[in-house]
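I opened my notebook to look up one helix and what surrounds it. The sequence and the model come before my entries.

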Amino acid sequence: MNRTQAFSLGLRSVMPMLLGVAPFGVIYGVVALQSGIPALAAMAMSSVVFAGSAQFLLAQLVGAGAPLLLTAGAVGLVNLRHALYSASVAPMLAHLPRRWKILLAYLLTDEAYAAAIPHLMAVKPDSPQSAQAHWILFGSGFGLWAGWQLATLAGVLIGAQLPANLGLEFALPLTFIAIVVPMIDSRARIAAALAAAAGAVALAGMPYKVGLFIAAMAGLVAGIAMPRRVK
Amino acid sequence: MNLWWLMLVCGVITFAIRYSFIAAEGHYQPPTWFRRLLPFVPIAALMALTAPELLLVHGEIVLGGSNPRLWAGLVAIIVAALWRNTLLTIGCGFLALYLLQRS
């Protein structure tokens, strides 16, 4: 696998998610304008912060006139789960120069990570492929970044006239299902999946998506706590 | 002006979270249990993101016929388990959602 193939693999893998992300981007643009954020700032937010649910929260808190520290803290909490993705890909990026690490960290969203991780995990460490594997993550990250910018732009410019409620957002959970289900191949992984799912549903009422992070942690613990089958 | 500062602070925080472990790699010696957690990250994180989308309607658990997303999601889970094909999974999930919402 050369770098072009790796990049296009990442790009192709993230494409179905753009279907689900695009409506979110459009709605974000509309919500940002409604919160009194100027169009230019709303667009810049998509590059500077580049985090879907955090940008929604930001727009709401700005609209409500919340203080800076509270808003920044809330955005940090909402994005806390990205630290898990960082830990997950860190060993695979260890050999890269710093500029690559910075670029890939900037692009590390739920969707880019989800699209790339099955392919990254399939690459054996120290194999010839592993030297180019980061191009997969760059492909999925770039694809999502470009799609998010376009969707935000559409929301800011045409906004309310675009058809909403087509149900396209459902593409996101469906793609996550397509990625996760084939990965669940052991008792430990079943335990991790069930604990994370149950935790996320039970803690969905917690503010700033903290429940999501706790549920994911519960999934990790359930995974290693599960005794391995004795043959 | 305040808005641009806020944006910058939030951008830095978001980036710092995403960069944290990537930057620290090679500069610290994580305990072995930490490395054993990592293979479970995709499953745990993506299940946590997905389950509420299927089970919750306006924050309440809804299991009956009035929650078509749950049943469409279950169709997608079965299709994904049997055929391991992303586009087929998404297609069947949307088809199920469409049929359930019509009925």
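My entries follow the helix, its partner and then the two chains.

I note that this is a predicted model, in which local features need pLDDT of at least 70 and side-chain atom pairs count only at pLDDT 80 or more, while totals for chains, interfaces and linings use all residues. Residues are numbered from 1 along each chain as its sequence is written, and chains are lettered from A and ligands numbered from 1 in the order in which they are written.

Entry one. I looked up helix 11 of chain A, residues 210-225 (helices are DSSP runs of H or I with at least four residues, numbered from the N terminus). Its 16 residues should span 22 Å at 1.5 Å a residue, and the end C-alpha atoms are 23 Å apart, which agrees (the expected span is 1.5 Å times one less than the number of residues).

Entry two. I found that the buried residues of helix 11 of chain A include Leu212(A), Phe213(A) and Met217(A) (buried means that 20 or more other C-beta atoms, placed from the backbone, lie within 10 Å of a residue's own). The buried residues of this helix pack against helix 5 and helix 10 of chain A, together with helix 2 and helix 3 of chain B.

Entry three. Helix 10 and helix 11 of chain A pack at an angle of about 160°, with their axes 7 Å apart (axes are lines fitted to C-alpha atoms over the stretch in contact, and angles run from 0 to 180 degrees between N-to-C directions). They are therefore roughly antiparallel to each other (angles over 145 degrees count so).

Entry four. I read that 57 residues of chain B are in contact with 71 residues of chain A (contact means C-beta atoms, placed from the backbone, within 7 Å). The largest share of chain B's side, 18 residues, comes from helix 1 of chain B.

Conventions
Helices (H or I, at least four residues) and strands (E, at least two) are DSSP runs, numbered from the N terminus. A residue is buried if 20 or more other C-beta atoms lie within 10 Å of its own, exposed if 12 or fewer, and partly exposed in between; C-beta atoms are placed from the backbone. Two residues are in contact if their C-beta atoms, placed from the backbone, lie within 7 Å. Angles under 35 degrees count as roughly parallel, over 145 as roughly antiparallel, 65 to 115 as roughly perpendicular and the rest as oblique.
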